[in-house]
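User: Please take a close look at the largest pocket of this structure and at the parts of the chain around it. I am a first-year student, so please explain each term when it comes up.

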Amino acid sequence: MGIFTRDQGPAGGTDVLDRELEKLLEDEQLEDGDHERFSHYVPKNKIMESAMSGKPVRALCGKKWTPSRDPEKFPVCPECKKVYEQMKK
């Protein structure tokens, strides 16, 4: 018999480990570099979701980050633009 908590089953159960692993993976996947010089294309609903939850978004070019600046101040990412143009065809 193990130690149980009210919400998570056995103490140190997989729910806790899954949440901790997910957080570590999300943190590691946030990217810096040249992508910071551009505005990126992201579905509008994902931008709103990120604003409400604080979760990162993934741009069409693959960059993953938490939006926090005015995209109007930067040129559009050429990789995002290329993917967007291909999607329109």
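Analyst: What follows begins with the chain as a whole, turns to the pocket, and then moves on to the residues around it.

This is a predicted model, in which local features need pLDDT of at least 70 and side-chain atom pairs count only at pLDDT 80 or more, while totals for chains, interfaces and linings use all residues. Residues are numbered from 1 along each chain as its sequence is written, and side-chain values use heavy atoms, with hydrogens and water left out.

The secondary structure of the protein chain consists of three helices and four strands, where helices (H or I, at least four residues) and strands (E, at least two) are DSSP runs numbered from the N terminus. Read from the N terminus on, the elements follow the order β-β-α-α-β-β-α. Of the 89 residues in the chain, 18% are buried; here buried means under 20% relative accessible area, exposed means over 50%, and partly exposed lies in between, with a 1.4 Å probe and protein chains only.

The largest pocket encloses about 370 Å³ of space. A pocket is defined on a 1 Å grid over the protein atoms alone, as an open set of points where a 1.4 Å probe fits, with protein on both sides within 12 Å along at least five of seven lines, and its lining residues have an atom within 4 Å of a point. Grid points are joined across faces, edges and corners, and the volume is the space filled by probe spheres set on the points. The lining is made up of 15 residues, and those nearest the centre of the pocket are Ser-39, His-40, Tyr-41, Ile-47 and Pro-71. By residue type, the lining divides into eight nonpolar, three polar and four charged, where Ala, Val, Leu, Ile, Met, Phe, Trp, Tyr, Cys and Pro count as nonpolar, Asp, Glu, Lys and Arg as charged, and the others, Gly among them, as polar.

Two of the residues nearest the centre, Ser-39 and Tyr-41, can be followed further. Ser-39 belongs to the loop between helix 1 and helix 2, and because its relative accessible area is 10%, Ser-39 is buried. Although Ser-39 and Phe-74 are 35 residues apart in sequence, their C-alpha atoms are 5.5 Å apart in space. Phe-74 also has a charged partner, since the charged end of Arg-69 sits over the ring of Phe-74 at 3.9 Å from its centre; this term requires NZ of Lys or CZ of Arg within 6 Å of the ring centre and within 35 degrees of the ring normal.

Tyr-41 takes part in the one aromatic pair found in a search of the whole structure. Its ring and that of Tyr-84 have centres 5.2 Å apart and planes at 65°, so the pair is edge-to-face; rings of Phe, Tyr and Trp (its six-membered ring) pair if their centres lie within 6.5 Å, with planes under 30 degrees apart called stacked, over 60 edge-to-face, and the rest tilted. The pair joins distant parts of the chain, as Tyr-41 is in the loop between helix 1 (14-29) and helix 2 (44-53), Tyr-84 is in helix 3 (residues 78-88), and 43 residues separate them. Both rings belong to partly exposed residues, with Tyr-41 at 27% relative accessibility and Tyr-84 at 36%.

Helix 2 has one buried residue among its 10, so it lies largely in the open. Within helix 2 is Lys-46, which counts as partly exposed at 39% relative accessibility. The C-alpha atoms of Lys-46 and Val-57 are 6.5 Å apart, with the two residues 11 apart in sequence. Just after helix 2, Gly-54 adopts a positive phi of about 80°, and Lys-55 lies in the loop between helix 2 and strand 3 (57-58).

Finally, the cysteines can be considered. A disulfide is a covalent bond between the sulfur atoms of two cysteines, and the structure holds zero of them, the cut-off being a pair of cysteine sulfur atoms within 2.5 Å. For Cys-61, the nearest cysteine sulfur is that of Cys-80, 3.6 Å away, and for Cys-77 the nearest is again that of Cys-80, at 3.9 Å. Cys-61 counts as buried at 18% relative accessibility, and Cys-77 is buried at 1%.
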